[in-house]
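Visitor: Got a minute to go through this one with me? I'd like to start with the contacts between the chains.

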Amino acid sequence: MKVTFPHMGHLWVVLKTALEGIGLEVVVPPPCTRRTLELGVRHAPESACLPLKVNLGNFLEAKELGADTIVMAGGVGPCRIGYYAQVQREILRDIGCEYEMVVFEPPDVHFSEVLEKVKYLNRRPWQEGLRGVMLAWQKACALDYLEQRVQHLRPREAQPGRVDAVFQRALRELAAAASRREIKRIVRQAEREMATLPLHTGRTVLKIGIVGEIYTVLEPLVNLNIEKRLGTLGVEVVRGLFISRWINDNLFKGLLPLPSHDPAKTAPPFLNHFVGGHGWESVGDAVTFARHGCDGVIQLAPLTCMPEIVAHSVMPAVQEAGGVPVMTLYLDEQTGEAGLQTRLEAFVDMLYWKKKRDKERRSAGAWGYFLGVGRGS
Amino acid sequence: MMGLKNKKWRLGVPRALFYYYYGSWWETFFHHLGVEIVVSPATCREIMDLGVELAVAEACLPVKVYYGHAAWLAPRVDALFVPRLVSVEDKSYICPKLMGLPDMLRAALKPCPPIIDTTVDLARRREEGLQSAIKGMAKALGMGANRVVEAVAAAKARYREQIFTPDGLKENTARQKLTVGIIGHGYLLYDRYLGMDVPEKVARMGGKVVFPEHLTEGEVEEACRQLSKRLYWTLGQKIMGAALHFMDRDDIDGIIHLTAFGCGPDSLVGDLAERYARRRGKPFLLLTLDEHTGEAGLNTRIEAFMDMLYRRRTA
Ligand code: SF4
C-alpha cells in the first residue's frame, strides 16, 4: 500500500510524518503547481469549489508516482467538503484511475469507524505509531510558530525574501526530522538566523488580518502567495487559522489547550449561527482583528463557497460597526496574478491613506464605504 | 425577534426559497394566530432586479431572488418572517446560505424592518427542534400556548393536502408521447419566472412531466441506497433520489436537471446525477439558469432534447 493525501499548505509535512509513523509507505504528491490545477480542472465539475479541483490534481499527480491509496478528511455537512471524496471517487473511476480511499469523518458521528480505519492503516505496534503521531503534532506546532515569525518579519526585513528562504530551509529540515530534539534544534537555528536579518528602519507597517476558508488561506498556490505579496507591500499579516489549530479543532475536537476560535462569542450580532465551513469563524475573526487594531481585513474564499458567501454578505455590517475596511477575494482557476496584485496594492494604499488621516483627525468610521466592499468583488 | 406585542401587525412572507415547501404551513399557522400575512407577489422582473442589486454577486440566483422579495415587502409590512432554516430532518441540512439568511438580509436591507428569525433545527432531536421552533415563532408574536396548539394542528392538516405542481401547468395531452423527469429545487421548478417556465415548456412540447415531489419518501430513500454515502442535504437527497429512481424506470424517457447558477450543493449532486445517467444511457439535460439566461436559447435546447427523445423512442 502506497498512501497519498491532498495538499494544503504545509500540511504534507505533518501528514507524511504521521503516516510514516504508523508504518506506511507514503507518496507525497508533487507540490501544487499550475499543472496540478489544470489536471483537476479538466476532470472536476466546473462549478465545484477550488479545493476539490486542486485535490483531484494532487491525486492524479501522485498516481504517476505510484500511489494507490488516498487518505483524506470528510465531513457530514452542510459544506461540500463532506462529499468531495464521493465525487472524486466517481470521477477517478470514470477516467480509469484506480485508487482505494480511506476517508476520515468527524468522530462525533462515527467514532468506531475512525478507529477501524486507523487500525486498518496501522502497520506498527500502537506505542510506536503513537510516537509518530506525536512527532507529527510537534512539527505542526513548530511550523506554525515559525510561520508567525515570518509574518512578523516580512514587512520589516530590508532584503525581501530572506526570511522566506530561512523558513523554506527549516521546512525541509523539519520534514526530515526524526525526533523532538531535532525539531527543537531546527526551530532554534531558524530563529537565530531570523534574528540576524537586516531590518528596515522607520517603515510604517500596516497590519491586516486574514480570514476565510481554510484551504484558500493556507494554500499558496491558490491564493497566489498572498501573504508574501502583502509582506513586500509592508503589511504584517495575522490570521486565526493554523494547521495545529485546525487539527486541534477538527481531529481532537478542541481537546488540546490551544487558543481556539470562539465565533459564538465574537460573530454575533453580525452572524448568529454556525453556517458550515469556516464562515462563522471568518466573521468572528474579522471582529476580533478589528478590535485588536488591525488596519484592515482580507477575506479569502473559493468562488461559490457557500459559508464564505454568507460571511461576505454580512461583512458590510462588520465593517461599519468596527470601522475596519474588509476586502473579499474569491479565488478560482481564472484568478490572475496581475489582477490580484492590483487589488492588493489598491487596498493597501487605501489603508495607508486612511491610517494617516485617522492619525490626523481621530475620526474613524465611514471610510470603509469608499471601498464599496460587500457589493460583489 | 422579541417584544413585538402589537397584535394587529402585518407580517411579510417572501414568496421564494422554502416558501415553496412550507408556505401553506406558515400561512395557516399565522392566520390561526390572527396575524395578517402579506406574501410577496410572484417573482417578476422588478423583484429579481431588486435582489440582484442588493445581494453579493457571488450569491446563487434563488437567494438573490429571495432578497428581492424581502426588499419588496420591507416598506409594506411591520416585520419580515425569515426563519433560520438549519435542518428540517434528521442528520440533514439545508444549504449553508439559509442558515445565515436573516443575518444576510439585516446587513443588506436599509432600512430593515424587524425580522422574525426563529431557528428551525431538527438535525439532532427532531421533535424537540420542532417544538422549540414553534414556541419561538409564537413567542415572537406574543401568543399564548393554547392558540398555538390549534394553529399547529390546522397548519399540519393544510400542509398534508398540498400538492406540488406549478400553478396551471397545462399538459398537452393530445401530443403526450414522452415522459420527462424534471429534477431540481422546488423553489426553482415551481417559480415560473425564476425557473423560466421550463416544466410548462416541456409540457407544451408534448412531454408528460414528473417531479421529485411525485415520489414517496420511501422511493427516494430506496433509490439513494445506491450511493456510497448518505447525502446530507435534504434537497440534494431528494434530487439525487429522484434522478436515480427515474433512471431505473423504463417509462421515463429522459431527465432534465434544472439548476441555478451559483448553487453549491447542485455542483456536486448534479455532477453525480449526470455521471450515473451517462453510465446507464439515460438522456440527461442540464439547464443552468442565471439572470441573463435568454428565452430563445433555452427553448432551442429543450426542443433539441425533446427531438432527441422522440427519435430514440421511434428508433
Ligand atoms: S441549495 Fe443551491 S440554490 Fe439553494 S440556497 Fe443553497 S446554493 Fe442557493
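Guide: Sure. This is a predicted model, and a good place to start is Arg279(B), which makes a salt bridge with Asp94(A). Their closest N and O atoms sit 3.0 Å apart.

Visitor: How many salt bridges are there across the interface of chain A and chain B?

Guide: The rule finds 4 between those two chains. For polar contacts, the count is 16 residue pairs, with both partners at pLDDT 80 or more.

Visitor: Which helices of chain A each supply at least two residues to the side touching chain B?

Guide: That would be H4, spanning 81-94, and H15, spanning 306-322. H4(A) gives the most, with 10 residues.

Visitor: And what's the mix by class on that side of chain A?

Guide: You get 23 nonpolar, 13 polar and 9 charged residues.

Visitor: OK, on to size. How many residues are in contact, and what area do the chains bury?

Guide: On chain A 45 residues are in contact with 40 of chain B. Between them the chains bury about 3,400 Å², and 62% of that is on carbon and sulfur atoms.

Visitor: Which three residues supply more of chain A's buried area than any other three?

Guide: Tyr83(A), His273(A) and Met306(A), which together supply 20% of what chain A buries against chain B.

Visitor: Switching topic: what confidence values does the predictor give the complex?

Guide: An ipTM of 0.94 and a pTM of 0.93. For chain B, the mean pLDDT is 91, with 92% of its residues reaching 70 or more.

Terms used. Residues are numbered from 1 along each chain as its sequence is written. Chains are lettered from A and ligands numbered from 1 in the order in which they are written. This is a predicted model: local features need pLDDT of at least 70, side-chain atom pairs count only at pLDDT 80 or more; totals for chains, interfaces and linings use all residues. Side-chain values use heavy atoms; hydrogens and water are left out. Contact means heavy atoms within 4.5 Å. Buried area is the accessible area (1.4 Å probe) that two parts lose on being put together, summed over both. A salt bridge is a side-chain nitrogen of Lys or Arg within 4 Å of a carboxyl oxygen of Asp or Glu. A polar contact is a pair of N or O atoms within 3.5 Å; within protein, one must be able to donate a hydrogen and the other to accept it, and residues adjacent in sequence count only if both atoms are side-chain atoms. Helices (H or I, at least four residues) and strands (E, at least two) are DSSP runs, numbered from the N terminus. Ala, Val, Leu, Ile, Met, Phe, Trp, Tyr, Cys and Pro count as nonpolar, Asp, Glu, Lys and Arg as charged, and the others, Gly among them, as polar. pLDDT is the predictor's confidence in each residue, from 0 to 100.
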